[in-house]
Amino acid sequence: MYYPEPITKLIDSFTKLPGIGPKTAARLAFFVLEMEEDDVLDFAKSLVNAKRELTHCSTCGHITDQDPCSICSDESRDGTVICVVQDPKDVIAMEKMKDFQGKYHVLHGTISPMEGIGPEDINVSTLIERLKDEQVEELILATNPNVEGEATAMYISRLVKPSGIRLSRIAHGLPVGGDLEYADEVTLSKALEGRRDL
Ligand SMILES: [Zn+2]
């Protein structure tokens, strides 16, 4: 044991974050020790509050502190178009672009037979319910352009096709294998504009 226990625990906590190895975790832990106590308390409170106060919108699955979320309850948005994304971060990327005025549905993952993730493990059943209850005319499938994203888009399109709802897939302006959340706003806007019907 090189470190006193409290700092070992702190380092362990940092290593649980994505992209943080033991070295970076140690650097962050020592940085925290040098911070003002008030800033450390604020940081700890933000972590706990974000976890406690945020929930998933029961309609679209996006993260929210009110249910339904501000997007679902916004009457000025076009409820006839739903953009289906993998992750809440994708909704935020789309919202930053400001071009999309429809609503969203967050799947919280993709179908991945390799990892044993099937359709029942992602937020598809509530999407099908929405299509029955809401006046939806178009579903834009904006899952990432990689194997899992394509497989998920295909699965949903096969499921929804018989209903006659227009289905489209976001264009390949996005780099193949790239993540929606990292696309810049122009690329994302072009990908949306150039979507093709399925
Ligand atoms: Zn919502």
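1. A good place to start is the term itself: a salt bridge is a side-chain nitrogen of Lys or Arg within 4 Å of a carboxyl oxygen of Asp or Glu. Keep in mind that you are looking at a predicted model. By this rule, seven salt bridges are counted here.

2. Try Glu150 and Arg169 as your opening example. Their closest N and O atoms are 3.2 Å apart, and the two form a salt bridge. Glu150 sits in helix α6 (residues 147–160) and Arg169 in strand β6 (residues 166–169), so this pair ties together parts that are 19 residues apart in sequence. Glu150 is partly exposed, at 24% relative accessibility, while Arg169 is buried, at 2%.

3. Some salt bridges share partners, and in this way Glu138, Arg166, Arg195 and Asp197 are joined into one network.

4. Now look at helix α5 (residues 125–133), which holds both Glu129 and Lys132. They are three residues apart, about one turn of the helix, and their side chains meet in a salt bridge with an N to O distance of 3.4 Å. Glu129 is partly exposed, with a relative accessible area of 40%; Lys132 is exposed, at 61% relative accessibility.

5. Is Arg130 buried or exposed? At 5% relative accessibility, Arg130 counts as buried, because the cut-off for that label is under 20%. Its side chain meets that of Glu134 in a salt bridge, 3.1 Å from N to O. Glu134 is partly exposed, with a relative accessible area of 25%.

Technical notes
Residues are numbered from 1 along each chain as its sequence is written. This is a predicted model: local features need pLDDT of at least 70, side-chain atom pairs count only at pLDDT 80 or more; totals for chains, interfaces and linings use all residues. Side-chain values use heavy atoms; hydrogens and water are left out. Helices (H or I, at least four residues) and strands (E, at least two) are DSSP runs, numbered from the N terminus. Buried means under 20% relative accessible area, exposed over 50%, partly exposed in between (1.4 Å probe, protein chains only).
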